[in-house]
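Q: Can you walk me through this one? I have the sequence and the model open, and I'd like to go element by element.

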Amino acid sequence: MKCVKCGAELKEGCIYCSVCGNEAQIVPDYSVLEDDYLRSLLKEEEKAEAEKRASQNAPKEKKQTQAPKQQMDNRIPIFVVCGVLVVAIFIGIIIKVVIDRKNANSYEYQVSAAEQEYVDKNYENALHYYKTALALKPSDVPVRLAMADIYVEQAEYDAAMVLLMEVIDLEPQNQTAYKRLIQIYEKKEDYGSIIELASGVEDTDILELFEGYLVAAPIISPVEGEYDEYIDVTLFSIEDYDIYYTLDGTEPDKENGIRYTSNGTSDKKDITLDEAGKYTVRAVCINEKGISSEIAEATYNIEVVAPAYATVSPDGGRITSETTVTVEAEENCTIYYTWDGTDPTEASLKYLEPLEIPTGNNILSILVVNDKTGLDSGVYRTNFIYYP
């Protein structure tokens, strides 16, 4: 059967053209029952088509209604995790603050941290921890010594010296502080400060640390004082160091002083004071490092006088029997004499024993000469007349 409108072949049982949708013209040779049956089939087909369309749209709506719920379900754990993290961070901050406060007040922690930073060569951090430790324990000696070591590593010698002097004030017998101070002064070639540092030390063990830096002053002989004769002054160094001296009161050193050769050498030459006057001998010993000793000083006042006349016994006169003459003079003097009235000199006969008076009228002339000063008494004369 064909559609009367478009001519398309109608399917069996269809009342509408599947091509143009026109109602099929059914010949009136069918029954009412068949028509109702066909209509029911059409309705069922339309219903089925509607349900199909509904079923296709239903999941989308369901998904759309269920999506927010699912998102909410997924967000709940995230909120919980975030909350836990916030609480954990907050607790961690509190714990850190508590620990930091505890460590900030812990001497042991600060020292331990400083030591580790020092090993790692983080000197500034180490100093920070040591300073905090020192604030907690102001009289601490080991911390000062450790800080001084760091300053020496950084060539900050002045800061190190301040700390080491503080150690000595706290512990006057601390040999470590003295050793390190000496090392710093040695690096700076500041030997004067080494000597000054040693000047206040009485402990013999600590004084041994200054061996090689403390130079003993020379010994001056004879002792100072007034002398009525010329003298030779001898200088002596215990360590056999070079000696320099002056006689005019100026500073004895290598530039201004006179070099005095040590005892026992072939070119040794004593200092001869062979003129009357006042002398001030100042001398120092200087070692191989150029370190000078303290100045040794001695003052000599030379007031030389001529020797007195000799004492003659008997002192002239008329003699009738064999007689000897005794002559005496001051110590350290030599007596010269003549019998012919001429002036005696150092080339004349020396008096060694009592003199026999020669026969006749003779004049005994005597001259006393001081062996050290060379001064003489002048000629003394006496007349002997001897006739047996």
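**Helices, strands and sheets**

A: Helix 4 and helix 5 are roughly antiparallel to each other, where angles over 145 degrees count as roughly antiparallel, under 35 as roughly parallel, 65 to 115 as roughly perpendicular and the rest as oblique. This is a predicted model, in which local features need pLDDT of at least 70 and side-chain atom pairs count only at pLDDT 80 or more, while totals for chains, interfaces and linings use all residues. Residues are numbered from 1 along each chain as its sequence is written, and side-chain values use heavy atoms, with hydrogens and water left out.

Q: At what angle do helix 4 and helix 5 pack, and how far apart are their axes?
A: The angle is about 160° and the axes are 8 Å apart, for helix 4 at residues 141-153 and helix 5 at residues 157-170. Axes are lines fitted to C-alpha atoms, for helices over the stretch in contact, and angles run from 0 to 180 degrees between N-to-C directions. Helices (H or I, at least four residues) and strands (E, at least two) are DSSP runs, numbered from the N terminus.

Q: Which residues in helix 4 and helix 5 meet?
A: In helix 4 they are Val141, Arg144, Leu145, Met147, Ala148, Tyr151 and Val152. They meet Tyr157, Ala159, Ala160, Leu163, Leu164, Glu166, Val167 and Leu170 in helix 5. Contact means heavy atoms within 4.5 Å.

Q: What classes of residue are in that contact of helix 4 with helix 5?
A: There are 13 nonpolar, no polar and 2 charged residues. Ala, Val, Leu, Ile, Met, Phe, Trp, Tyr, Cys and Pro count as nonpolar, Asp, Glu, Lys and Arg as charged, and the others, Gly among them, as polar.

Q: And helix 6, how does helix 5 pack with that?
A: Helix 5 and helix 6 (residues 175-187) pack at an angle of about 150°, with axes 9 Å apart. That makes helix 5 roughly antiparallel to helix 6.

Q: Which residues meet there, in helix 5 and helix 6?
A: Helix 5 contributes Tyr157, Ala160, Met161, Leu164, Met165, Val167 and Ile168. From helix 6 come Ala177, Tyr178, Arg180, Leu181, Ile184, Tyr185 and Lys187. By class, the contact of helix 5 with helix 6 has 12 nonpolar, no polar and 2 charged residues.

Q: Switching to strands. Is strand 15 mostly buried or exposed?
A: In strand 15 (residues 360-370), 9 of the 11 residues are buried, so the strand is largely enclosed by the rest of the structure. Buried means under 20% relative accessible area, exposed over 50% and partly exposed in between, with a 1.4 Å probe and protein chains only.

Q: What does strand 15 pair with?
A: Strand 12 (residues 333-338) pairs with strand 15 in the antiparallel sense over 6 bridges, and threonine 334 has valine 369 of strand 15 as its bridge partner. Strand 16 (residues 376-386) also runs antiparallel to strand 15, joined by 9 bridges. Asparagine 361 stands opposite isoleucine 385 in strand 16. Two strands pair if DSSP finds at least two bridges between them.

Q: What's in the hairpin of strand 15 and strand 16?
A: There are 5 residues between the strands, and glycine 374 takes a positive phi near 80° in that hairpin.

Q: What about isoleucine 363, buried or exposed?
A: Neither: at 36% relative accessibility, isoleucine 363 counts as partly exposed. This residue sits in strand 15. Leaving aside neighbours within four places in sequence, isoleucine 363 is in contact with Thr338, Trp339, Asp340, Gly341, Arg381, Thr382 and Asn383.

Q: Which strands are at the edges of the 9-11-14 sheet?
A: That is an open sheet of 3 strands with antiparallel pairing. Strand 9 (311-313) and strand 14 (355-356) stand at the edges with a single partner strand each, so one side of each has no neighbour in the sheet. Strand 11 (residues 324-328) joins strand 14 through 2 bridges, with glutamate 356 as the bridge partner of threonine 324.

Q: And the sheet in the order 1-3-6, how do the strands pair?
A: Those 3 strands form an open sheet with antiparallel pairing. The edge strands, strand 1 (219-221) and strand 6 (271-273), each pair on one side only. The twist averages 20° from one strand to the next. Strand 1 and strand 3 (residues 231-236) are joined by 3 bridges, and isoleucine 219 has phenylalanine 236 as its bridge partner.

Q: How many helices and strands in the chain?
A: The chain has 8 helices and 16 strands. Of its 388 residues, 32% count as buried.
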